[in-house]
Amino acid sequence: MANPMRSVPLYEKVVHKNATQRVLDVTVLFLLLCLLVYRLLSVHDHGFAWFLAFLCESFFTFIWVLVICSRWTPISYKTYPQRLQKRVSELPAVDMFVTTADAELEPPIITVNTVLSLLAVDYPAHKLACYVSDDGCSPLIFYSLVEASKFAKLWVPFCKKFNIQVRAPFRYFAGESAPPSPSSREFQQDWKKMKKEYEQLCRNIEHAAKESAAFDLTGDLAVFSNTEPRNHPSIVKVIWENEENLPDGIPHLIYISREKRPKHPHHYKAGAMNVLNRVSGVMTNAPLVLNVDCDMYANNPEILLQAMCLLLGFKNERDCAFVQSPQLFYDSPENQLTVLHEHIGKGIVGIQGPFYAGSGTFHRRKVIYGLWPDEIQIQNQGKYFNSVNGYKVSDDELLKKFGISKEFIESASHALRGKTGPKTSSPLNSLDAAHQVAGCGYENGTDWGENVGWLYGSTTEDILTGLMIHKKGWRSGYCSPDPPAFLGCAPPGGPAAMRQQKRWATGLLEILFSKNNPIFATLTGKLLFRQCLAYLWVLTWGLRSIPELCYTLLPAYCIITNSNFLPKVQEPGICIPVAVLVIYKLYNLSEYILSGFSILSWWVNNRKARILTTSAWLFGFVNAVLKLFGLADTIFEITQKVYQPPASTADDDENEDLFVFDESPVFIPGTTILLVHVAALATGVLGLQPQVGGQGFGLGELICSVYVVLYFWPFMKGLFRRGKYGIPLSTICKSAALALLFAQSCKVGSMN
Ligand SMILES: O=c1ccn([C@@H]2O[C@H](COP(=O)(O)OP(=O)(O)O[C@H]3O[C@H](CO)[C@@H](O)[C@H](O)[C@H]3O)[C@@H](O)[C@H]2O)c(=O)[nH]1
Ligand SMILES: [Mn+2]
C-alpha cells in the first residue's frame with residue numbers, strides 16, 4: 001500500500017523576496033557606470049590621478065557586477081526532521097571527520113569538545129563513527145581523546161536523557177556555576193556530577209600538557225616514541241568501539257596520524273582529508289561523510305537529521321552532492337563571514353548551491369571519489385566498473401585511480417555503487433589496511449588529489465574541491481537551522497586574522513591562475529554561468545588589493561602633488577561620486593541593520609575589510625604571483641584557536657578598538673598608508689603643496705584623506721602604544737621610509 005507520508009516533503013525551498021535589494025543593486029551599478037562615463041569624457045582635462053581613479057573604479061564596478069549576479073536570486077531551505085522517521089525506513093551511516101594539526105595552536109581541549117559534541121548528536125550511534133586526524137602526531141591529543149572517550153560514556157547519555165541543547169561541554173557549562181532551575185532533583189544531581197567530571201577532564205588534559213615533554217611513552221603511547229611531527233610512520237588507533245552496535249551507545253572513535261616523511265609533500269589539510277577518506281573507507285565506509293575543523297563543534301544536536309532532510313529529500317541526487325552549513329562563530333557573532341553569508345551566500349545557494357567551505361559539510365562519498373551525476377544511472381544498474389559483482393583488482397584503471405589497497409578498492413567500488421559495506425564486524429579488523437592507506441607513499445601515481453578526493457594545489461582546498469564538484473554538474477544544498485548547526489572560534493584579531501586572510505587570498509588566486517579556474521569549468525564543464533561569476537567574485541579577493549591600495553593612496557597623492565581625482569565642489573560632476581558613496585554606504589548599513597547586526601559592527605567590519613584588503617590580501621596576491629612564476633611555494637599556516645575558559649567571555653569588549661600587532665611585514669602597508677595620509681593632511685593644512693596653475697586639490701581629496709585615516713585608526717593608536725597593542729618600532733621605521741619614498745616620488749613624478 002502506498003504510504004501517505006511518502007508525499008510529505010522533507011524540506012521546503014524558501015525564496016527570499018528582494019525587490020528593493022535589486023532596485024538598489026542596479027541603482028548603485030547605474031551610478032558607477034555614470035561615474036566611469038563622466039571620467040572618460042573629461043579625461044583630457046585631467047591628469048594621472050583622474051585616469052588611475054578611472055581604472056580602479058572600473059575594477060570596483062566589475063566586482064559589483066559579480067556581486068549583483070551572485071545574489072540576484074537568494075533562497076534557503078526549511079527542513080522537517082520530525083518527518084524523517086515516517087519517510088525513511090533506515091537512516092544512512094555517517095562517518096564524521098575532525099582534523100587537527102598542532103597541539104599548540106589548537107589546544108587539545110578544543111578538539112575534545114568538538115569530538116564530544118559529535119559523539120552526542122541525535123542520531124543512531126551504530127550508524128556513526130568519528131575519525132580524528134592529527135597532523136601533529138601528538139601523544140597529547142591521543143591521550144586527551146582517550147580521556148574524552150571515558151567522559152563521553154557519562155556525557156552522551158546525560159545529553160540524550162535530558163535533551164541538552166549544547167553538547168560541547170565547554171559551552172554548556174560556560175559561566176554557569178549552578179544547574180539551571182527550575183529542574184528536577186535528578187537533573188540537578190547529574191548536572192553537578194557532569195560539571196565535576198568535565199572539570200576533572202580539563203585538569204587531566206592541562207596537567208598532561210604541562211608534562212607533555214616528559215610523557216611516559218609506554219603502553220598505549222608506545223607508538224609515539226621516536227616520532228617527530230614531520231617524520232613518523234602511520235598511526236591508527238581505535239580508541240573506542242561501539243562493540244555491540246548499540247543504537248543508543250557511543251559511536252566508534254578512531255585516532256589517525258598519517259605517515260609523514262621529511263621529503264614527502266603532505267598537502268596539508270587536503271592530504272589529511274584524503275587519508276580520513278581512505279581509512280574510514282576500509283573501516284566503516286559510510287555513504288556520507290561529515291567534516292569539521294577541530295574548533296567547529298556541533299551546536300545543534302539535530303544537525304545530522306536536518307542535513308538528512310536535504311540529502312534524502314531531493315528527488316534527484318544530482319541536486320545535492322553535498323550539504324553545507326554556514327560557518328558561524330560563537331565568539332564573534334557579527335563576524336564579516338557571517339555577514340557575507342547573509343548578503344551573498346544565500347544568493348549563491350539559489351544558483352548552483354553554496355561553495356564548499358571546508359567545515360560543517362556533509363559529502364556523499366561517491367562524489368568525493370569522482371563520480372559524475374550522469375553516472376548515477378549506470379551505478380544504479382550495478383554496472384559500475386564494468387562488472388556487476390564488484391571490482392577486478394587487476395584492473396589497471398582502478399589501481400591508477402585509487403591505489404594498491406585491495407580492501408580500499410573494494411570499499412570504493414561499494415561506495416560508488418551506492419552500497420554500504422563491505423561490513424567488517426569491527427574497525428579493529430581493518431587496522432592493517434588502515435595503516436597501509438595512511439602511508440605517505442600510498443598516493444604516488446594515483447588520482448588522489450588530482451581527480452579523486454580533496455584536491456591539491458591550493459591552500460583553500462575546500463573552494464577548489466567544491467568547484468570541481470560543481471563543474472561536473474552537481475548542485476549543492478544549504479542547511480542553516482536554528483540554532484546554528486556548527487559554531488567555531490574566529491581567529492583572534494591582528495596577526496592571526498592577517499595570516500588567515502593572506503592564506504585565503506593566496507589559495508583563491510592559486511585556483512584562479514590554474515587550469516581549474518571557473519571560466520574553463522564553464523566553457524568545458526557544467527559549471528553554470530552565474531555560478532562561475534560567483535566563484536570569480538570569491539577567487540578575485542586577492543586581486544582587489546591592488547586597486548584598493550591605489551585608491552586608498554590617491555587622495556594623499558593628490559594633496560601632495562596638488563592635483564585632483566574628484567571633481568571640484570562647484571562642478572556638477574561631484575554629485576556622481578557623492579551619490580555613489582552615500583547611497584552605497586547607507587544601503588550597506590541598512591543591510592546590517594535588517595540582518596540584526598549592530599551599527600558598530602558595520603563600522604568595525606568595514607574598517608577591517610579595508611585593512612585586510614590592503615595588507616593581508618596584498619601579501620596573498622604577492623605569494624600567489626611568486627608561486628605562479630615558480631619563485632616560491634605556498635604553505636598552509638594554521639590559524640590559532642583560543643580556548644575560552646568558562647566565565648571569561650566579556651572582558652575583551654573594551655579592547656574592541658585595539659588591534660594586536662607583531663613584527664610581521666603584513667603590518668607595513670597599513671602603517672605606511674596611515675603615515676602617508678598624515679603627511680598629506682599636514683601638507684594640505686599648512687599649505688606646503690607645490691603651487692601649480694589650473695587644477696589643485698579640493699575639499700573632496702581632503703575629506704577622503706580624513707576618511708582613510710579614520711579607517712586606519714587602529715594603526716594610529718598602535719603608533720603610540722607599546723607591547724602587543726603597539727606597532728613595533730622596526731615596522732614604524734620601515735613604513736616611515738616607504739612613506740617618505742612615496743611622497744618624494746609623487747613630487748618628482750608631478751614635476752615631470
Ligand atoms: O596541515 C594541516 C593544516 C591544517 N589542518 C586542519 O585544517 C583545519 C582548518 O585549518 P585552520 O588553521 O583553522 O584554517 P582556517 O582558515 O580557519 O580554515 C578555513 O579555511 C580553510 C582553507 O580554506 C578550510 O580548510 C577550513 O575548513 C576553513 O574553516 C583545522 O582543523 C586544521 O587542524 C590539517 O589537518 N593539516
Ligand atoms: Mn579555523
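# Exercises on a predicted model

E317 lies in the loop between α9 (303-313) and β9 (322-324). The structure is a predicted model, and the exercises below begin from this residue.

**Exercise 1.** Decide whether E317 is buried or exposed, and find how far E317 and S735 are apart in sequence and in space.

*Solution.* A residue is called buried if 20 or more other C-beta atoms lie within 10 Å of its own. E317 has 20 C-beta neighbours inside 10 Å, and therefore E317 counts as buried. For the second part, E317 and S735 are separated by 418 residues in sequence, and their C-alpha atoms are 55 Å apart in space.

**Exercise 2.** Describe the protein as a whole: which numbers of helices and strands does it have, and what does its radius of gyration say when set beside that of a compact globule?

*Solution.* Begin with the secondary structure, which comes to 27 helices and 13 strands. Next, take the extent: along the principal axes, the C-alpha atoms fill a box of roughly 90 × 60 × 55 Å. A compact globule of 752 residues would have a radius of gyration near 27 Å, and because the protein has 28 Å, the two values agree. Finally, buried residues make up 48% of the 752 residues, and of the contacts with a separation of 6 or more, 85% are between residues 24 or more positions apart.

**Exercise 3.** Work out the order of the strands in the sheet of eight strands, and explain why β4 is described as largely enclosed.

*Solution.* The open sheet of eight strands runs in the order β5-β6-β4-β3-β7-β11-β9-β12, with mixed pairing. Its edge strands are β5 (235-240) and β12 (477-478), each of which pairs on one side only. The mixed pairing can be followed in two pairs of strands. β3 and β4 run parallel and are joined by seven bridges, with V98 standing opposite V132 in β4. Strand β7 (residues 288-293) and strand β11 (residues 361-364), on the other hand, run antiparallel and are joined by four bridges, with V289 opposite H363 in β11.

Now turn to the surroundings of β4 (residues 128-134): seven of its seven residues are buried, so the strand is largely enclosed by the rest of the structure. In a regular strand the side chains alternate between the two faces of the sheet. In β4 both faces are covered, with L128, C130, V132 and D134 buried on one side and A129, Y131 and S133 buried on the other.

**Exercise 4.** Find which residues touch the most other members of the largest nonpolar core, and which helix gives the most to this core.

*Solution.* The largest nonpolar core has 192 residues, and C130 and V279 are the ones that touch the most other members. Helix α5 (residues 139-161) gives the most to this core, namely twelve residues. A second, separate core has six residues, among them V28, L31, L32 and V580. Returning to C130, and leaving aside residues up to four places away in sequence, its contacts are M96, V98, V115, L118, L119, P251, H252 and L253.

**Exercise 5.** Describe the shell around ligand 1: how many residues surround the ligand, and which element gives the largest share?

*Solution.* Ligand 1 is surrounded by 21 residues, the closest being T99, Y268, D293, G358 and T639. The elements that give two or more residues to this shell are β3 (94-100), α8 (268-283), α16 (461-471) and α17 (495-512). The largest share, three residues, comes from α8. Sorted by class, the shell has six nonpolar, nine polar and six charged residues.

**Exercise 6.** Examine three backbone details: where is the cis peptide bond that involves P483, and what is the phi of N163 and of N226?

*Solution.* The cis peptide bond joins D482 and P483, with omega about -5°, and P483 is found in the loop between β12 and β13. N163, which is not a glycine, has a positive phi of about 45°, and its place is in the loop between α5 and α6 (169-172). N226 likewise has a positive phi, near 60°, in a residue other than glycine, and it sits in the loop between α7 (185-211) and β5. As for burial, N163 counts as exposed because it has 8 C-beta neighbours inside 10 Å, and N226 is exposed, with 10 other C-beta atoms within 10 Å.

Key. Residues numbered from 1 in each chain as written. Chains lettered and ligands numbered in written order. Predicted model: local features only at pLDDT ≥ 70, side-chain atom pairs only at ≥ 80, totals over all residues. Near = placed C-beta within 6 Å. Nonpolar A, V, L, I, M, F, W, Y, C, P; charged D, E, K, R; others polar. Core = buried A, V, L, I, M, F, W, Y, C linked by C-beta atoms within 7 Å. Buried ≥ 20, exposed ≤ 12 C-beta atoms within 10 Å, placed from the backbone. Contact = placed C-beta atoms within 7 Å. Rg over C-alpha atoms; globule rule 2.2 N^0.38 Å. Pairing = 2+ DSSP bridges.
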